[in-house]
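Work through the exercises below with the sequence and coordinates open. Each task is followed by a solution in steps.

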Amino acid sequence: LAFFLTAANAQTKDTLSKKPDPTKELMTVQTACGQCKFGLKGEGCTLAVRIKGKAYFVEGTDIDDHGDAHAKDGFCNSIRKAQVQGEIVNDQFKVTYFKLVKR
């Protein structure tokens, strides 16, 4: 089980590019915990983005990949901005690039 979880986590992180793709739109979006800040239904705390007023759970990076979600400035306690690339598929945002914008 531990091997499977490690392999699955590595695959998720491998889908994120360290640099944005210059051929695709780079969007600045709001990001936070979907359940705590955007009112999405789900179990636990899950990373989400809000694009054009609608919130989507993120697939391709995890809420814990970007610091402590329950810290004062964490995703469960504040809405942040991020630069992202990806696409909406089956009502989820499949992210290929994700970088928090410094405050």
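The exercises concern a predicted model and treat its strands, its nonpolar cores and its salt bridges in turn.

**Exercise 1.** State the order in which the strands close into a barrel, and describe how E3 and E5 are joined.

Solution. The order of the five strands is E1-E2-E3-E5-E4, with mixed pairing. Neighbouring strands of this sheet are turned by 55 degrees against each other on average, direction ignored. Within the barrel, E3 (residues 54-59) and E5 (residues 92-100) run parallel and are joined by three bridges. Glu 59 has Lys 94 in E5 as its bridge partner.

**Exercise 2.** Identify which residues of the largest nonpolar core touch the most other members, and which strands supply the core.

Solution. The core has 17 residues; Val 49, Ile 51, Ile 63, Val 84, Phe 93 and Phe 98 touch the most other members. At least two residues come from each of E1, E2, E3, E4 and E5. Next, take Phe 93: beyond its neighbours within four places in sequence, its contacts include Met 27, Val 49, Tyr 56, Val 84 and Ile 88. Another core, of five residues, lies apart from the largest one and includes Phe 38 and Phe 57.

**Exercise 3.** Find the salt bridges and classify the exposure of their residues.

Solution. The count is two. In one, Asp 91 pairs with Lys 54, with the closest N and O atoms 3.0 Å apart. Asp 91 sits in the loop between E4 and E5, 37 residues from Lys 54 in strand E3. Asp 91 has 48% relative accessibility, so it counts as partly exposed; Lys 54, at 38%, is also partly exposed.

In the other, Lys 94 meets Glu 59 at 2.9 Å, N to O. Because Lys 94 lies in E5 and Glu 59 in E3, this pair ties together parts 35 residues apart in sequence. Lys 94 is partly exposed at 27% relative accessibility, and Glu 59 is partly exposed at 37%.

Key. Residues numbered from 1 in each chain as written. Predicted model: local features only at pLDDT ≥ 70, side-chain atom pairs only at ≥ 80, totals over all residues. Heavy atoms only, no water. Pairing = 2+ DSSP bridges. Helix = DSSP H or I, 4+ residues; strand = E, 2+ residues; numbered from the N terminus. Axes fitted to C-alpha atoms, helices over the stretch in contact; angles between N-to-C directions. Core = buried A, V, L, I, M, F, W, Y, C linked by side-chain atoms within 4.5 Å. Buried < 20%, exposed > 50% of the residue type's maximum accessible area, 1.4 Å probe, protein only. Contact = heavy atoms within 4.5 Å. Salt bridge = Lys/Arg side-chain N within 4 Å of Asp/Glu carboxyl O.
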